[in-house]
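Student: Could we go through this structure together, one step at a time? I would like to see how its parts fit.

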Amino acid sequence: MGAFDSIPHRLILMFQTSYFAETNPMLNKQIRSVLFATVAALAVTACGADDVASPGEGNLVVLPSPTPTPAPTPTPTPAPGTPAADCPTGFVNAGVLANNRVCQIPNSIQTALTVPQRAGTIYSMSGRVEVGTDVGGDGAAAGGVSSSLTVEPGVVVFAQSATTFLIVNRGSKLNAPGTANSPIIFTSRQNIEGTTTDSDTNQWGGILLLGRAPISNCIGAVAGGTAGCQQLAEGAGPQDFYGGNQAADNSGTISYLQVRYTGRAAAANKELQGLTLGGVGSGTSISYVQIHNSGDDGIEIFGGTVNLKNLIITGADDDSLDTDVGYKGAIQFVIAVQNTSGGDTMWEVDSDDDSGFDLTPRQDVKLANFTFIQRHDNDKAIHLRGGPDAAILNGVIVGPNFCLDVDQAETVQAADPAKDELGPPRIRSVVGACAGGDFDTDSDTFEATAFNAAGNTNNNFAFVSTLVSLFINGSNEAAVSPVANISSFSPDLTQVDYIGAVRDINDLWYQSWSCNASYADLGALRSCASSPVS
């Protein structure tokens with residue numbers, strides 16, 4: 001069509017113009033000539049060849065307007081408390097649980113997959129769920145496939161059985177960008193059903209991220225930190241390698257994530273943690289993560305260079321935080337609280353190997369602004385062994401046993417660049433209220449050597465804690481001066497004017513997105529033991 005949509009509109013114009021011509025005789029003849037020529041042309045251009053009237057027919061043929069194509073009908077939103085009618089494309093309908101449609105995630109994700117947040121929908125995993133196929137330490141392994149799994153804010157994913165776990169292979173990514181008001185939750189089927197308690201653990205495996213960043217402990221006679229230096233992931237399968245030479249490797253983005261009731265052990269000393277990071281690089285972003293009631297460690301880091309911030313670890317049955325095999329990274333703002341029924345150390349730093357304690361890259365962890373609440377009287381709060389380097393900064397420790405245990409002379413040896421050695425542990429602005437005393441009572445004196453090393457200042461392991469609401473700084477903590485130049489230890493550490501993880505009662509970074517336990521009230525909106533979809 002042209003300027004008008006149909007012939008009748010053009011006829012209106014004709015009559016209006018004719019009237020104007022009748023009332024203006026001088027223009028009558030000229031306008032009439034133009035008018036009839038224009039109408040004839042419009043009639044021809046507005047119609048197809050078969051619709052043009054032949055001379056002498058005396059009428060105009062007008063085509064009807066076409067019927068618009070109807071818009072596709074959207075999937076209806078279910079009424080609150082009722083399951084969705086179906087599953088998104090790419091997921092298997094696994095029935096209904098807790099008044100939600102259960103949509104099962106594929107076991108092998110070889111092309112990018114997004115898990116969408118939808119009303120009346122939760123997602124399940126069964127058995128081994130893997131993202132991509134290992135691309136190798138140099139990214140060129142035969143058959144390697146890079147893929148990604150994206151989980152939208154507010155999504156709840158549960159494991160169907162104890163043998164379920166999620167593994168993200170080298171070269172692939174997990175993107176789980178939750179928000180403070182819409183955290184992402186990975187949990188067990190029992191938790192969805194509402195049958196879990198504050199003492200439950202080991203109800204499924206956990207999440208493993210495997211990357212291509214350097215590690216120290218290699219399979220075979222291979223130099224640490226090279227593309228060929230790789231290791232098998234603990235508790236997974238014989239094909240699950242991590243390590244390489246890509247320090248800035250990117251395994252995705254994780255934020256505002258809860259991981260509940262993990263830790264299934266595949267075999268002795270082959271456990272899965274809440275979150276396992278193997279060779280994960282600094283291009284990966286991990287922040288605002290809560291690991292709740294893991295049957296093994298809360299978070300274990302095997303080598304790599306990833307940095308982490310704003311962590312909550314509640315009820316880990318072994319170590320709350322465990323770092324190994326050449327990990328070089330910064331961790332800041334950590335609340336770790338043990339359950340009264342179990343737990344080992346709050347932080348274990350361990351890089352030993354059958355070949356000795358001087359493997360490179362040497363572990364060098366910078367841990368800052370942490371508050372450790374140890375309840376179980378069977379181990380020290382912090383255990384350094386295997387010759388690592390460490391910076392322990394702005395910390396608060398409360399526990400029934402010793403504050404610090406240091407093993408092996410290599411852990412306190414002098415700086416030596418040829419060995420990638422920075423010297424004894426750097427301990428600054430750390431206080432401890434440990435009922436068992438400051439140091440482990442074994443026969444060595446490595447603890448005192450570390451604690452009193454040159455440059456270590458403003459520490460007090462005979463501290464009187466005034467923490468309020470379990471982990472929030474009180475008057476005594478507020479009186480301790482923090483490290484003044486914390487970025488000199490790592491540019492990834494944020495300068496703050498307090499020690500510990502939580503400055504005061506107005507500092508609420510931990511609250512809106514987490515969950516509570518009877519032994520660790522975080523002021524959250526719901527209990528970890530309650531179903532996240534109830």
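Tutor: Happily! This is a predicted model, where local features need pLDDT of at least 70, side-chain atom pairs count only at pLDDT 80 or more, and totals for chains, interfaces and linings use all residues. Residues are numbered from 1 along each chain as its sequence is written, and side-chain values use heavy atoms, leaving out hydrogens and water.

Student: Which strands are the edge strands of the open sheet of 11 strands?

Tutor: Strands are DSSP runs of E, at least two residues, numbered from the N terminus, and two of them pair if DSSP finds at least two bridges between them. The order is β3-β6-β9-β12-β16-β18-β20-β22-β24-β26-β28, with parallel pairing. Each edge strand pairs on one side only, and these are β3 (108-109) and β28 (437-439).

Student: Which residue in β12 stands opposite L166?

Tutor: Look at strand β9 (residues 165-168), which pairs with β12 (residues 207-210) in the parallel sense over 3 bridges. Opposite L166 in β12 stands I207.

Student: What angle lies between the planes of Y256 and W513?

Tutor: Rings of Phe, Tyr and Trp (its six-membered ring) pair if their centres lie within 6.5 Å; planes under 30 degrees apart count as stacked, over 60 as edge-to-face and the rest as tilted. Y256 and W513 form an edge-to-face pair, 5.8 Å centre to centre, with an angle of 85°.

Student: Why does this pair tie together distant parts of the sequence?

Tutor: Y256 lies in strand β15 (residues 252-260) and W513 in the segment after α5 (475-478), so the parts tied together are apart in sequence by 257 residues.

Note on methods
Helix = DSSP H or I, 4+ residues; strand = E, 2+ residues; numbered from the N terminus.
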